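Hello,

I am passing a structure on to you. Please open it first, then read my notes below.

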Amino acid sequence: MSRRGNNVRGPTSALTEFLRESGINPTTIARRVATQNRPGNQPQDQSVAGPSNSGDNVEDAAEEAQQGESVAQASNGRRGRGRTTGYASDELDDPAEESPVKKRKSAKGRATAAAKAKAKKKAKDDGEYEGSSEDEYRAMSKNLWSKGGNGGPKPPAGSFETCARCEKQFTVTKYTMAANPPPGYLCHQCAKASGTDPFKKPAVPRKRANVAERRDVVSFEQRRLPSLAAMCIELITRYIDDVEALGDIGSMNMDEIAKALSKNRGLTPQNAHLFYDVLNKKLRFYDATNLTPDALTTLASLNPNLTHLHLDYCGRLTSPVLSAFPTSMQQLTSLTLLGPFLVRAEAWIEFLEAMPGLRVFKITQSPRFNLECMQTLADNCQRLEELSLREFGLMDNEFADPLCSLPPLKVLDLACPGIGIDEDGWMRLMDKHGSTLETLDASKHEGFTDHILQRSVRKYARTLFELKLEECLSLTDEGVAQFFSNWAYPIATLKDEDDDMDVDSDPVEVSLASLESFTPNPSLHALSLARNQELSSAALTAAIVHSAQSLTWLSVNGLRSASSEALAELKRAKELRYLDAGWCRELDDFVMKDVVTACTKLTEIKVWGCSRVRGVGWGVKRAIKVHGIEPTGDM
């Protein structure tokens, strides 16, 4: 049974369906090939007219009967008939009328091209069009890159070909392009002469920028309206010359304005004159980064009666400026500087020799302050009461002797040294200053050991209110716990105590007579045991029990192994206002609920690194600043 007689057709691909709807079949392909391959000396417009109707009918019928024949057979037959009749009727019919499908496709293509051109022009005007800025009309098309001159594969690189235009032999490279119109290939010179650059890559199709990419993304939230403080500061800065018309602003308001200026580093040599007055006794700038050396010299000249000067971030303070301070401010008794790293040792020596009346000398980050400067301070400043030398890279055990030459101090801050003072040096320092010390900061001194706490601090300290021992790696949990447990008792004067003390031993029994002459150190107001990995539950519990009744500031950051039971003892510090319990892994919401409920004066809490704290169940109505709660997926 012939399959041609039925109308049943099997499944066809999308390409076959597209070709059928577009009127493309083997007949039309053969017709196009026959037309293109006719002899070149026979022009199209010289075809002889003849009776084409009948020939076309017969020809069309024969073509319909030969649907299954190959394209090559149809092409050969058509070329033979063209030579016999002398004209090609198919060539006359093709340009005369197109199929309806082709017409619709052409109209749709023209409309699409016009819409694209209009959108492209609009996008260029709006600045929203992005793509290659190269001239795509001078780059050869992708077909000329990949296909040969006859539609076949391109010859391999390195082979020899003859140029279709100049007929010279040349070597084929990856930049060789096919002749247009084919057949053949063009050498590089002829390709350039034709207006196409063979070395230029085809243009990348342009695309409209994504809306999300065009959007301006900022990393901070901008205020729609400035705050009242910012408006006042801007107004005062704008009319700095007329600010005296406001009358007496007051020292407290001046200090608040200085704090507000420091938030955005708004203090400049121009508006700094607002704070200058010949009657000033105290002056503090919270951020003096923008004050030049000349502005700092002017500060000293316009405030001759200053007794207290505090400058934070004074990185532009130079040696000549510091040398001018004693001349301009002869009544200066308190100097606090943060970051005077440009001042040399000679300027420090000259300043200390000219200022024997200093009572407060607090310097942070001065890498050039050496032993000679320290000896000058000890020799000339015999009225000194408060001394702070923080983050001094040249501080070592040799500083202990000049420090012991000073009069008894109330504040001693030697935190974060470059090398540090050893155990023997600290023993001598506590023997000299321990009985009068109110504040002691020995952070990051590896020489500060349990023996110093037991034999020096416990023995001499009677007025100590603030103790900071951050990152003292020589301290142990048992030693610190023993110190706080026995601090309220006197050291026995038995012969056995001349030997080394065992921190694990029980408190020594003393007589009632010795207790009557003993004055214990009061409870601490501020305590820091942060970043001491050896400390744990015993030290924390003993410290809380000793100072719970008066403790207002506490930092136990980094006590990873402290148990939840020991952390729960924090609720006994009823007067606590600041708590840093970061990286205490056993801290959870249940402990925080008890602490927050019991410590009604608490205003700031830091719980960085506490993975068990979620902030659930311990919220209170009063305002408390909580830092470091880790977010979860359901928050």
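Here is what was found, starting with a charged patch and moving on to two backbone angles.

Please keep in mind that this is a predicted model.

**The negative patch**

E346, E350, E353 and E372 together form a negative patch on the surface. Look at helix 14 to find it, which covers residues 345–354. This helix gives the most to the patch, with three residues. E350 is a good place to start, as a residue of helix 14. Is E350 buried or exposed? The answer lies in between: its relative accessible area is 45%. E350 counts as partly exposed because that value falls between 20% and 50%.

**Two positive phi angles**

R265 comes next. Its phi is near 50°. That is a positive value, and the residue is not a glycine. Where does R265 sit? Go to the loop between helix 11 (251–263) and strand 7 (282–285). R265 has a relative accessibility of 45%, so it counts as partly exposed.

W583 is the other case to check. This residue is not a glycine either, yet its phi is positive, at about 65°. You will find W583 in the loop that runs between strand 17 (578–580) and helix 23 (589–598). The relative accessible area of W583 is 35%, so this residue is partly exposed.

**Where to look**

Begin at helix 14 for the patch. Then visit the loop with R265. Finish at the loop with W583.

Best wishes

How values were computed. Residues numbered from 1 in each chain as written. Predicted model: local features only at pLDDT ≥ 70, side-chain atom pairs only at ≥ 80, totals over all residues. Heavy atoms only, no water. Patch = residues over 30% accessible without salt bridge, like charges linked within 9 Å, V, L, I, M, F, W, Y side chains within 5 Å. Areas by Shrake-Rupley, 256 points an atom, 1.4 Å probe, with all protein chains shown as cover. Salt bridge = Lys/Arg side-chain N within 4 Å of Asp/Glu carboxyl O. Lys, Arg positive; Asp, Glu negative; His and termini not counted. Charge placed at Lys NZ, Arg CZ, Asp CG, Glu CD. Helix = DSSP H or I, 4+ residues; strand = E, 2+ residues; numbered from the N terminus. Buried < 20%, exposed > 50% of the residue type's maximum accessible area, 1.4 Å probe, protein only.
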